[in-house]
Amino acid sequence: MKVLVTLCFVVPLLVLATAEDGPGSSSSTAASAPAAKIEVVDNSVSESEQEPSEEEAVLESILRDRSHIEETLRLAADEKAGDYAAALQRLRKIYHSSIRPMEQAYKYNELRQHEISDGEITSKPMVLFLGPWSVGKSSMINYLLGLQDTPYQLYTGAEPTTSEFTVIMHGEKIRTVEGIVMAADSSRSFSPLEKFGQNFLEKLVGIEMPHKLLERVTFVDTPGIIENRKQQERGYPFNDVCQWFIDRADLIFVVFDPTKLDVGLELEMLFRQLKGRESQIRIILNKADNLVTQDLMRVYGALFWSLAPLINVTEPPRVYVSSFWPYDYAPDTSRELFKREEISLLEDLNQVIENRLENKIAFIRQHGIRVRIHALLVDRYVQTFKEKMSFFSDPELVFKEIVDDPDKFYIFKSILAKTNVSKFDLPNRDAYRDFFGINPINSFKQLSAQCSYTGGCLLEKIEKAITNELPSLLGSINSGKNPTLSSCEATGCGEKPKNRYRRN
């Protein structure tokens with residue numbers, strides 16, 4: 001009889017919480033009771049000696065099975081840490097010897113505001129969670145890491161609860177790291193965040209914990225988007241900070257729930273920042289078990305209707321429909337569909353983990369291509385300026401004419417004709433007006449002058465890295481060879497790339 005009374009009390013309470021608040025808030029409400037009970041009992045009896053109560057037994061019975069998470073993400077499999085570290089070391093050497101000198105010579109970081117540090121090269125894949133407030137972003141992280149009903153779970157609730165950028169990463173022990181400490185540690189990849197000011201660093205928090213999944217990936221939880229809040233009320237440039245994380249994220253989860261499908265100015269700005277990263281975006285319709293099938297179909301269509309003007313791609317993005325929290329699905333809902341959708345999302349996450357080294361090499365190579373294009377453009381500006389200058393010319397007026405109308409002097413067209421550069425990779429013309437407004441044209445040398453007897457030419461080195469060294473490193477990983485030496489170092493790469501700007 002006592003068991004029956006307990007069941008009648010607990011189960012309706014949990015169902016009511018699910019109907020009113022959804023997964024994002026119910027996880028904290030439902031989980032707080034047993035956590036508080038353990039804390040009180042700890043004053044007199046140890047947790048290991050205490051037998052589980054009837055209410056806790058009921059909670060255990062309605063928790064969802066998490067075995068598919070470990071199976072899909074292959075958390076029990078061992079990794080070849082030695083080969084992975086050797087490949088990262090080789091990648092770091094290529095970057096510092098072949099790409100970074102060109103970056104510094106032509107001040108590429110002042111054009112793109114993306115400086116690559118050693119911490120970023122060696123960092124784990126980053127999974128970024130974005131979306132409106134209280135849609136279940138923090139609950140989803142708690143579910144993936146199994147943090148529910150523990151003192152270390154991320155706080156969730158029906159109200160806006162996450163006001164900080166929270167980085168969940170691997171560590172030897174569980175501890176909290178302040179934002180100022182993360183930015184000051186050069187071994188991490190968060191040092192560039194100092195440029196957003198001390199107000200932001202106070203809103204940056206790191207959590208370290210020993211976890212098998214966190215050995216392979218890092219999660220970033222973000223403050224929810226609140227459409228009626230102005231940016232200046234946050235005290236830091238929210239959109240600029242989001243852009244920093246977007247540029248470095250390997251996978252981006254944009255989370256919605258059935259009650260928050262409207263698109264305001266802040267969400268619209270966020271999708272503008274996501275332009276060009278469509279392949280990394282995964283849209284999640286969370287708390288789907290709160291709706292019956294007919295209503296779920298209508299909400300699914302409404303979500304596409306709201307997002308259609310914001311995503312200008314031919315192929316529509318994949319939308320995952322499920323309920324990502326630790327408790328069982330609501331009765332009379334599409335349980336099998338939700339389970340398959342969750343496994344599909346986990347497979348996407350596993351692909352990012354499995355391909356993290358290949359993605360890192362591809363990212364560095366793409367970065368090298370952009371640096372090379374920037375150097376070629378600056379070289380062309382310098383060459384045109386010297387050709388148009390005469391003894392009686394005003395340098396400022398001559399260069400202003402070149403910068404204001406680069407097409408008149410075939411700056412960009414000459415690059416396309418001579419260097420096999422795609423027109424889609426060319427940067428914005430207006431960006432160079434601002435770039436040269438800060439960096440005088442006389443401070444740059446032509447590429448033909450960027451050569452030394454011992455170090456070689458900068459253009460030859462970066463082209464060698466793009467065309468030979470990085471592809472060889474990628475090939476050695478895919479074929480299972482030792483990545484410590486590239487094929488170029490072992491046998492030579494044949495003919496060196498010709499410097500098209502060196503005068504014979």
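This passage describes the overall make-up, selected strands and helices, individual residues and internal spaces of a predicted model.

The protein contains 20 helices and 10 strands, and of its 504 residues, 47% count as buried. Among contacts in the protein with a separation of 6 or more, 80% are accounted for by residues 24 or more positions apart.

Strand 2, which covers residues 165-170, has five of its six residues buried, so this strand is largely enclosed by the rest of the structure. Its pairing with strand 4 (residues 204-209) is parallel and comprises six bridges, and within this pairing Phe165 has Leu204 of strand 4 as its bridge partner. Strand 2 also pairs with strand 5 (residues 218-221), here in the antiparallel sense and over three bridges, with Val167 matched to Val220 of strand 5. Strand 2 is thus joined to strand 4 in the parallel sense and to strand 5 in the antiparallel sense.

Strand 4 also holds Glu208, a residue whose relative accessible area of 9% falls under the 20% cut-off, so that Glu208 counts as buried. The side chain of Glu208 makes polar contacts with two arginine side chains, that of Arg175 at 2.8 Å and that of Arg188 at 2.9 Å. When neighbours within four places in sequence are left aside, the residues in contact with Glu208 are Met169, His170, Gly171, Lys173, Ile174, Arg175, Val177 and Arg188.

A second buried acidic residue, Asp257, is placed in the loop between strand 6 (251-256) and helix 12 (265-273). Asp257 counts as buried because its relative accessible area is 2%, which is under 20%. Its side chain makes a polar contact of 3.2 Å with the side chain of Lys287, and, with residues up to four places away in sequence not counted, Asp257 touches Ser134, Val135, Leu285, Asn286 and Lys287.

One of these contacts of Asp257, Ser134, is located in the loop between strand 1 (126-130) and helix 8. Most residues other than glycine have a negative phi, and most peptide bonds are trans. Against that background, the phi of Ser134 is near 55 degrees, a positive value in a residue other than glycine, and Ser134 counts as buried at 13% relative accessibility. Helix 8 itself (residues 137-145) is mostly covered, with nine of its nine residues buried; these include Lys137, Ser138, Ser139 and Asn142, together with Met140, Ile141, Tyr143, Leu144 and Leu145. Just after helix 8, Gly146 adopts a positive phi of about 70 degrees.

Arg74 likewise has a positive phi, near 55 degrees, in a residue other than glycine. Arg74 lies in the loop between helix 4 (67-73) and helix 5 (81-105), and, whereas Ser134 is buried, Arg74 counts as partly exposed because its relative accessibility of 48% is neither under 20% nor over 50%.

Rolling a probe the size of a water molecule over the atoms shows where empty space is left. A search of the whole structure finds three cavities of 30 Å³ or more, and the largest cavity has a volume of about 50 Å³. The lining of the largest cavity consists of Tyr108, Arg112, His114, Phe363, Gln366, His367 and Arg370, which by class amounts to two nonpolar, three polar and two charged residues. Helix 15 (residues 356-388) contributes the most to this lining, with four residues.

The largest pocket holds about 1100 Å³ of space. Of the 35 residues that line the largest pocket, Ile246, Asp247, Arg277, Phe363 and Arg370 are the closest to its centre. Phe363 and Arg370 also belong to the lining of the largest cavity. At least two residues of the pocket lining are supplied by each of helix 6 (109-112), helix 11 (238-248), helix 14 (335-354) and helix 15. By class, the lining of the largest pocket has 10 nonpolar, 12 polar and 13 charged residues.

Methods. Residues are numbered from 1 along each chain as its sequence is written. Side-chain values use heavy atoms; hydrogens and water are left out. On a 1 Å grid over the protein atoms alone, a cavity is a set of points where a 1.4 Å probe fits but cannot get out, and a pocket is an open set with protein on both sides within 12 Å along at least five of seven lines; lining residues have an atom within 4 Å of a point. Grid points are joined across faces, edges and corners, and a volume is the space filled by probe spheres set on the points. Ala, Val, Leu, Ile, Met, Phe, Trp, Tyr, Cys and Pro count as nonpolar, Asp, Glu, Lys and Arg as charged, and the others, Gly among them, as polar. Buried means under 20% relative accessible area, exposed over 50%, partly exposed in between (1.4 Å probe, protein chains only). A polar contact is a pair of N or O atoms within 3.5 Å; within protein, one must be able to donate a hydrogen and the other to accept it, and residues adjacent in sequence count only if both atoms are side-chain atoms. Contact means heavy atoms within 4.5 Å. Two strands pair if DSSP finds at least two bridges between them.
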